[in-house]
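Subject: Handing over the structure

Hello,

Here is the structure I said I would pass on to you, and below it you will find my notes on what turned up in it. Please keep the sequence and the 3D view open while you read.

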Amino acid sequence: MPPAAPGENMRINGDRLWDSLMEMAKIGPGVAGGNNRQTLTDEDAQGRALFQSWCEAAGCTMGLDQMGNMFARREGTDPDALPVYVGSHLDTQPTGGKYDGVLGVLGGLEIIRSLNDLGVKTKHPIVVTNFTNEEGTRFAPAMLASGVFAGIHEQDWAYGRTDAKGKSFGDELQRIGWRGDEEVGARKMHAFFELHIEQGPILEAEDKQIGVVTHGQGLSWTQATITGKDAHTGSTPMPMRKNAGLGMARVLDAVDRIAWAHKPHAVGAAGHIEVFPNSRNVIPGKAVFTVDFRSPELSVIEDMEQKLRFEAQAICREMGLGVEFEKVGGFDPVAFDEGCVNAVRDAAERLGYSHINLISGAGHDACWINRVAPTAMVMCPCVDGLSHNEAEEISKEWATAGADVLLHAVVETAGVEG
């Protein structure tokens, strides 16, 4: 017999959630109104400490594993029942917003606080999670700690990842004091739910309050290195140049054409670009860039990867340049659990929130956790679809609606005790 659905009058405290978001945003402020709270920095440690203090004040016990993943547990009435997990990440981009990831963590905390206010007990325990290094900016790849949790990455390999200054993930985790003793991935989940801002423009454009995420796009990161010859920009004749920067430009034009050829859902671009020696009067002798292809269909991703290599080799051969490729990241498309997705959709309908199905264009911890537990995501709009930018913005009403739906989906899955 399925668990009873919570009553539609069960809601979170939107003002309290918003106040918590604003309080967390004071830690690691950016230069333009957002946040710079990169993973395993002192600011990350401060954000973690604040989150832990709030969880303990709400009566939760805090677990910590060897990747620094945090697990705040509210007990259920059945000590043998597997917990329902909910959460996201507290780390940000160097020029990140106040809501990406943070809404999912603090929305989970708000569920606990609201259940406490209402005196509601659940059969299954509820655990609010903060996954380490979701962004992957300081230590590549993205979703690193949830990937170790799900068995995608080896822990020793993750510990050995280094930042731009050569500092290792393992050393920095130890330095900030957030390396736990718990074995990573030892926890078993009844289900996992993640609330997130859309990071795209669809919900706002369609005037919908809730995105019911049915699938996650697959992702492929291919790093290309084009080699030419450093030379003086003024004294080297045009026919004698081996311009790696120009070769990169032509390859990037091909990337755009390849993505357009796989419409409507495929996308492609390069966000990481470096040229060497990067001097005003030197023709670049080397260019390094990472091509990001995404699609909800694995066959499309594989075709785009193949076409990239073929076209880049042809371009560079014609220009007398060398080119090498390295696959530096990626994951297959995700189909989220039908039962959990239905719980999200039913919650939106029960609460009277407008909603549509969405395919997530970004990677999330839920994409890896889906490998080991039934998983679904809830999304709320963000202004102009802007994210990974300090101008990222949402409204209190959007945050409240998303957290309300999260509350109902989690409580229905965890089972209300009468």
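I begin with a pair of charged side chains: Arg257 and Asp253 form a salt bridge in which the closest N and O atoms are 3.4 Å apart. Please bear in mind throughout that this is a predicted model. Both partners belong to helix H8, which covers residues 244–260, and they sit 4 residues apart, about one turn of the helix. Arg257 has a relative accessible area of 43%, so it counts as partly exposed, and Asp253 is likewise classed as partly exposed because its value is 44%. As background, side chains of opposite charge can pair when their charged atoms come close.

The structure holds 18 salt bridges, and a second one within a helix is that of Glu172 with Arg175, where the closest N and O atoms are 3.1 Å apart. These two residues lie in helix H6 (residues 169–175), 3 residues apart, which is again about one turn of the helix. Here the partners differ in their surroundings, because Glu172 is buried at 6% relative accessibility, whereas Arg175, at 45%, is partly exposed. The pair also belongs to a network of salt bridges that links Asp42, Arg138, Asp163, Glu172 and Arg175. Another salt bridge joins the side chains of Arg187 and Glu182, at 2.5 Å from N to O; Glu182 has a relative accessibility of 23% and is therefore partly exposed.

Next comes a group of residues taken from a record. Which positions does UniProt, in an unreviewed entry, give as "binding site"? The entry places that feature at His89, Asp100 and His196, and although these are spread over 108 residues of sequence, they cluster in space, with a largest C-alpha distance of 9.8 Å.

Asp100 is found in the loop between strand S3 (84–88) and H3, and it counts as buried because its relative accessibility is 5%. Leaving aside residues up to four places away in sequence, Asp100 touches several others, including His89, His196, Glu135 and His388. Its side chain also makes a polar contact of 3.2 Å with the side chain of Gln199.

His196, for its part, is located in strand S6, residues 191–197, and with a relative accessible area of 1% it is buried. Among the residues that His196 touches, not counting those up to four places away in sequence, are His89, Asp100, His364 and Met379. The side chain of His196 reaches the backbone nitrogen of Gly101 at 3.4 Å.

Helix H2 is a good place to practise checking a model by simple arithmetic. How far should the 16 residues of H2 (residues 42–57) span at 1.5 Å a residue? The expected span is 22 Å, and the end C-alpha atoms are 23 Å apart, which agrees. Several residues of H2 are buried, among them Ala45, Leu50, Phe51 and Trp54. The elements that cover the buried residues of H2 include helix H1 (14–24), strands S1 (61–64), S2 (70–74) and S5 (126–130), and helix H3 (102–118). Just after H2, Gly59 takes a positive phi of about 90°.

Phe51 appears again when one turns to the nonpolar interior, since the largest nonpolar core has 98 residues, and of these Phe51, Leu106 and Phe193 touch the most other members. Helix H12 (residues 396–414) gives the largest share of this core, 11 residues. Apart from it lies another core, of 22 residues, which includes Ala266, Ala287, Phe289 and Phe293. As for Leu106, its contacts, not counting residues up to four places away in sequence, include Leu17, Leu21, Phe51 and Trp54.

Finally, please look at Gln217, which lies in the loop between strand S7 (210–216) and strand S8 (218–227). Is Gln217 buried or exposed? With a relative accessible area of 8%, Gln217 is buried, and its side chain reaches the backbone oxygen of His265 at 2.8 Å. Among the other residues that Gln217 touches, again without those up to four places away in sequence, are Val267, Arg294, Phe331 and Ile359.

With best wishes

Key
Residues are numbered from 1 along each chain as its sequence is written. This is a predicted model: local features need pLDDT of at least 70, side-chain atom pairs count only at pLDDT 80 or more; totals for chains, interfaces and linings use all residues. Side-chain values use heavy atoms; hydrogens and water are left out. The expected span of a helix is 1.5 Å times one less than its number of residues. Buried means under 20% relative accessible area, exposed over 50%, partly exposed in between (1.4 Å probe, protein chains only). Contact means heavy atoms within 4.5 Å. UniProt positions are given in the numbering used here, feature names are shortened, and annotations may be inferred rather than shown by experiment. A polar contact is a pair of N or O atoms within 3.5 Å; within protein, one must be able to donate a hydrogen and the other to accept it, and residues adjacent in sequence count only if both atoms are side-chain atoms. A salt bridge is a side-chain nitrogen of Lys or Arg within 4 Å of a carboxyl oxygen of Asp or Glu. A nonpolar core is a set of buried Ala, Val, Leu, Ile, Met, Phe, Trp, Tyr and Cys residues joined through side-chain atoms within 4.5 Å.
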